[in-house]
Amino acid sequence: MSRGIQLAKTLALQVFMLLVAEMSIFMLLIVPLPFAIRRRLFTFISENPIIAKLQYGLKITFIFILILFIDSVNRVYRVQVELAAATDASKGNAAAIMGHERLEVQARKFYSQRNMYLCGFTLFLSLILNRTYIMILEVLRLEEKLKKFEGTDKDTKQSEKLAMAGDPGEISRLKREVQLRDQDIETLKKQSASLHREYDELAEKYGRTQQDGVPKKIK
């Protein structure tokens, strides 16, 4: 029994530490920073493979916390039913109401509610963090477009990285490779079209020389 209590305390402590980490990250996200620093920060987050692996691990962790939240809600409900049944059974007996069993049920109710609130707030804050991150990215991209329109932004490399921000590192890298290949294909298409036009012009010149019956050197 003590081992189960110790495990529950350890899990609650880990969830609490994760909640504190989420609060710290949220404070860092809303700190007002210059546009250039904020852009570099978000591009670093999107390109770093370690952060990408960390994000993947956090998704699995949040699934586990969701399971803990559902279990804690179930435990709170069961303890509430057990407490109500004990209260109904001990009506008219004040000593029984304040007995050891009732105190134990109250303690289990407290721990279950604590776990439920911890897991619930952790999941809720994770959703807020994700939405805040997406909104900041959208604001940065709008500022980027405005600076391009005004002609005040000359860091095109950072602009391209910002456009890819928000994706995991590997996906972002693959997208850049696909984009570069698309650019190469477009260049080849333009070269092919130019060669085709030159061929048509030479064919027309050759056709006119054949019609005139005067052989001319094709330049």
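Among contacts between residues at least 6 apart in sequence, 74% join residues at least 24 apart. The model behind this figure is a predicted one. Its secondary structure comes to 7 helices and 0 strands, so the order of elements from the N terminus reads α-α-α-α-α-α-α. Of the 219 residues in the protein, 22% count as buried. The protein exposes about 16,500 Å², and carbon and sulfur atoms supply 65% of that area.

Helix α1 offers a good place to begin a closer look. This helix spans residues 2-30 and includes Met17, and Val20, Glu22 and Ile25 are found in helix α1 as well. Met17 and Val20 belong, together with Leu13 and Phe16, to a nonpolar patch on the surface. The accessible area of these four residues together is about 380 Å². Met17 has a relative accessible area of 52% and is therefore classed as exposed, the threshold being over 50%. Val20, at 35%, is partly exposed. Both values are over the 30% relative accessible area that patch membership requires, so neither residue is ruled out of the patch on that ground.

Several pairs that are far apart along the chain come together in space, and helix α1 takes part in some of them. The C-alpha atoms of Val20 and Thr122 are separated by 8.9 Å, although the two residues are 102 residues apart along the chain. For Ile25 and Leu129, 104 residues apart along the chain, the C-alpha separation is 8.0 Å. Ile25 itself is partly exposed, with 44% relative accessibility.

Glu22 connects these pairs nicely. Leaving aside neighbours within four places in sequence, Glu22 is in contact with Phe62, Thr122, Leu125, Ser126 and Leu129. Thr122 and Leu129 are thus contacts of Glu22, while Thr122 is also the partner of Val20 in the C-alpha pair above and Leu129 the partner of Ile25. Glu22 is buried and yet has no salt bridge. Side chains of opposite charge can pair when their charged atoms come close. For Glu22, the nearest side chain of opposite charge is Lys59, 13 Å away. A salt bridge calls for a nitrogen and a carboxyl oxygen within 4 Å, and Lys59 at 13 Å therefore does not provide one for Glu22.

Where is a salt bridge found, then? The count for the model comes to 1 salt bridge, and Asp71 forms it with Arg75, the closest N and O atoms being 2.9 Å apart. Both residues lie in helix α3 (residues 49-89), 4 residues apart, which is about one turn of the helix. Each side of the pair is partly exposed: Asp71 has a relative accessibility of 32%, and Arg75 has one of 42%.

Arg75 also appears in the surroundings of Ser112, a residue of helix α5 (residues 100-150). Beyond neighbours within four places in sequence, Ser112 is in contact with Ser72, Arg75, Val76 and Val79. With 8% relative accessibility, Ser112 counts as buried, because the limit for that class is under 20%. Gln80, also in helix α3, forms a further pair across the sequence: Gln80 and Arg108 are 28 residues apart in sequence and 9.8 Å apart from C-alpha to C-alpha. Gln80 counts as partly exposed at 37% relative accessibility.

Elsewhere in helix α5 lies Glu143. This residue is partly exposed, with a relative accessible area of 33%. Glu143 and Phe35 are 108 residues apart in sequence, and their C-alpha atoms are 8.4 Å apart in space.

Acidic residues also gather on the surface. Which residues form the negative surface patch? Glu198, Asp200, Glu201 and Glu204 make up this patch. One of them, Glu204, is found in helix α7, which covers residues 169-212. Glu204 has a relative accessible area of 49% and is partly exposed, since the exposed class begins only over 50%.

Terms used: Residues are numbered from 1 along each chain as its sequence is written. This is a predicted model: local features need pLDDT of at least 70, side-chain atom pairs count only at pLDDT 80 or more; totals for chains, interfaces and linings use all residues. Side-chain values use heavy atoms; hydrogens and water are left out. Patches are made of residues with over 30% relative accessible area and no salt bridge: like charges are joined within 9 Å, nonpolar side chains (Val, Leu, Ile, Met, Phe, Trp, Tyr) within 5 Å. Accessible areas come from the Shrake-Rupley method with a 1.4 Å probe; for residues, only the protein chains shown count as cover. Helices (H or I, at least four residues) and strands (E, at least two) are DSSP runs, numbered from the N terminus. Buried means under 20% relative accessible area, exposed over 50%, partly exposed in between (1.4 Å probe, protein chains only). Lys and Arg count as positive and Asp and Glu as negative; His and the chain ends are not counted. The place of a charge is taken as NZ of Lys, CZ of Arg, CG of Asp or CD of Glu. Contact means heavy atoms within 4.5 Å.
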